[in-house]
Amino acid sequence: NWLALSGTLEEIVARGLYENKDAPAEFYVEKESLLKRGLDQEQLVEDLELIDHQKVSELMAANRLQLVF
């Protein structure tokens, strides 16, 4: 069985966006990964930005703190 993470993820996104207004967290979804899984943006929690693989690479190179799953 898989643990549903949508409620937890929604809370993490809300905290990251609204609790630290001077340096909010940013949340992204790779477009290609979404398409491979047959999902569309309406099925995701709110406030996630769709990006391409190149942008993922750039963000990973530029940021030391990441949560990837």
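Start with the cartoon view of this predicted model: the protein chain shows 3 helices and 2 strands. Trace the chain from its N terminus and the elements come in the order α-β-α-β-α.

**Colour by pLDDT.** The protein chain averages 80, with 78% of its residues at 70 or more. Now pick out two elements. Helix H1, residues 6–18, has the lowest mean pLDDT among the elements, at 72. Helix H2, residues 31–36, has the highest, at 92. Keep that in mind while zooming: where pLDDT is low, the predicted coordinates should not be read in detail.

**Switch on the surface.** You're looking at about 6100 Å² of accessible area for the protein chain, and carbon and sulfur atoms own 52% of that. How many of the 69 residues count as buried? The share is 16%.

**Select the core.** Hide the surface and show side chains for Leu9, Val13, Phe27, Val29, Leu34, Val45 and Leu48. Those 7 residues make up the largest nonpolar core. As a rule for soluble globular proteins, nonpolar side chains tend to be buried together.

**Stay on Leu9.** This core member sits in helix H1. Is Leu9 buried or exposed? Its relative accessible area is 19%, and the cut-off for buried is under 20%, so Leu9 counts as buried. Next, draw a C-alpha to C-alpha distance from Leu9 to Glu46: you should get 9.9 Å, for a pair 37 residues apart along the chain.

**Hop to Val45.** Val45 belongs to the core too. Which residues does Val45 contact, once neighbours within four places in sequence are left aside? They are Ser6, Leu9 and Glu10.

**Follow that to Ser6.** Ser6 is also part of helix H1. With a relative accessible area of 45%, Ser6 is partly exposed, whereas Leu9 is buried. Put a distance label between the C-alpha atoms of Ser6 and Leu44: the separation is 8.3 Å, with their positions 38 residues apart in the numbering.

**Zoom out for a moment.** Pairs like these span long stretches of chain, so how do contacts split overall? Of the contacts in the protein chain between residues at least 6 apart in sequence, 23% join residues at least 24 apart.

**Finish at Lys31.** Go to helix H2, where Lys31 is located. Lys31 is partly exposed, at 41% relative accessible area. Not counting residues up to four places away in sequence, Lys31 touches Leu50 and Ile51. For a last distance, try Lys31 to Gln41: they are 10 residues apart in sequence, and their C-alpha atoms are 9.1 Å apart in space.

Technical notes. Residues are numbered from 1 along each chain as its sequence is written. Side-chain values use heavy atoms; hydrogens and water are left out. A nonpolar core is a set of buried Ala, Val, Leu, Ile, Met, Phe, Trp, Tyr and Cys residues joined through side-chain atoms within 4.5 Å. Buried means under 20% relative accessible area, exposed over 50%, partly exposed in between (1.4 Å probe, protein chains only). Contact means heavy atoms within 4.5 Å. Helices (H or I, at least four residues) and strands (E, at least two) are DSSP runs, numbered from the N terminus. Accessible areas come from the Shrake-Rupley method with a 1.4 Å probe; for residues, only the protein chains shown count as cover. pLDDT is the predictor's confidence in each residue, from 0 to 100.
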